[in-house]
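Q: Please take one part of this model and examine it closely, starting from the chain as a whole and ending at single residues. I would like the cut-offs stated where the terms come up.

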Amino acid sequence: MSDTAASPQSPAAPASAGGTAPVQARIDWAAFETHAGGVVSALRDYSRAVDASGLDKGLVELLKLRASQINGCAFCLQFHLNLARKLGLAQRQLDQLAAWRDSHAFSARERAALAWTEALTRMAAAPVEGSLYADLQAQFSEGEIANLTAAIAAINAWNRIAGALRFTPPGG
């Protein structure tokens with residue numbers, strides 16, 4: 001998610017014969033925004049602060065997409081794919097993001113940021129290694145690292161809300 005949220009979608013239709021039905025939203029976006037408007041406002045302000053930090057917007061979208069993949073948040077994944085396409089991110093990067101370690105589509109800077117994203121997103125399962133931070137320092141300034149870390153924290157917050165409540169993905 002970002003400073004603007006997609007409008008709520010109608011409940012998903014049943015799947016065709018032989019498939020499984022899409023997951024139903026537990027609470028839709030509009031209801032969440034009504035019930036937790038202060039939270040939505042605060043997270044939007046947080047996201048705007050990250051956007052204003054000067055970080056490359058394409059890089060930030062890659063991080064948001066990768067965290068959303070890991071967290072299994074269909075809403076945020078679709079939302080940020082839409083934004084990434086509007087920013088003109090390379091289709092090759094979008095296609096290969098889940099396997100970025102095995103791809104030549106990412107720069108050293110993007111790879112360091114993606115490794116940092118994965119480590120922070122999974123930090124409950126494993127400690128964040130010092131070597132990852134050293135790799136990050138080789139590519140980013142201290143201020144950029146602070147803002148990258150904030151961007152990753154923000155998308156993880158949005159993922160936990162939208163994923164847990166099963167918001168219907170934009171356009172879906």
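**The packing of α3 and α6**

A: The protein chain has an accessible surface of about 8700 Å², 54% of which belongs to carbon and sulfur atoms, the areas being obtained by the Shrake-Rupley method with a 1.4 Å probe, where for residues only the protein chains shown count as cover. This is a predicted model, in which local features need pLDDT of at least 70 and side-chain atom pairs count only at pLDDT 80 or more, while totals for chains, interfaces and linings use all residues. Residues are numbered from 1 along each chain as its sequence is written, and side-chain values use heavy atoms, with hydrogens and water left out.

The chain contains eight helices and zero strands, helices being DSSP runs of H or I with at least four residues and strands runs of E with at least two, numbered from the N terminus. The mean pLDDT (the predictor's confidence in each residue, from 0 to 100) is 88 for the chain, and 87% of the residues reach 70 or more. Among the elements, α6 has the highest mean pLDDT, 98, and α1 the lowest, 91.

Helix α3 (residues 57–71) packs against helix α6 (residues 108–121) at an angle of about 35 degrees, and their axes are 9 Å apart. The axes are lines fitted to C-alpha atoms over the stretch in contact, and angles run from 0 to 180 degrees between N-to-C directions. The crossing is right-handed, a term for the near helix being turned clockwise from the far one by less than a right angle. With contact meaning heavy atoms within 4.5 Å, L59, L62, L63, R66, A67, I70 and N71 of α3 meet E110, A113, L114, T117, E118 and T121 of α6. These residues divide into seven nonpolar, three polar and three charged.

E110, in helix α6, is buried at a relative accessible area of 17%, where buried means under 20%, exposed over 50% and partly exposed in between, with a 1.4 Å probe and protein chains only. Not counting residues up to four places away in sequence, E110 touches L59, L62, Q93 and A105. The C-alpha atoms of E110 and Q139, which are 29 residues apart along the chain, are separated by 8.9 Å.

A further helix reaches residues of this pair: N156 belongs to helix α8 (residues 142–164) and, leaving aside its neighbours within four places in sequence, is in contact with A67, N71 and T121. N156 is likewise buried, with a relative accessible area of 9%.

How values were computed: Nonpolar A, V, L, I, M, F, W, Y, C, P; charged D, E, K, R; others polar.
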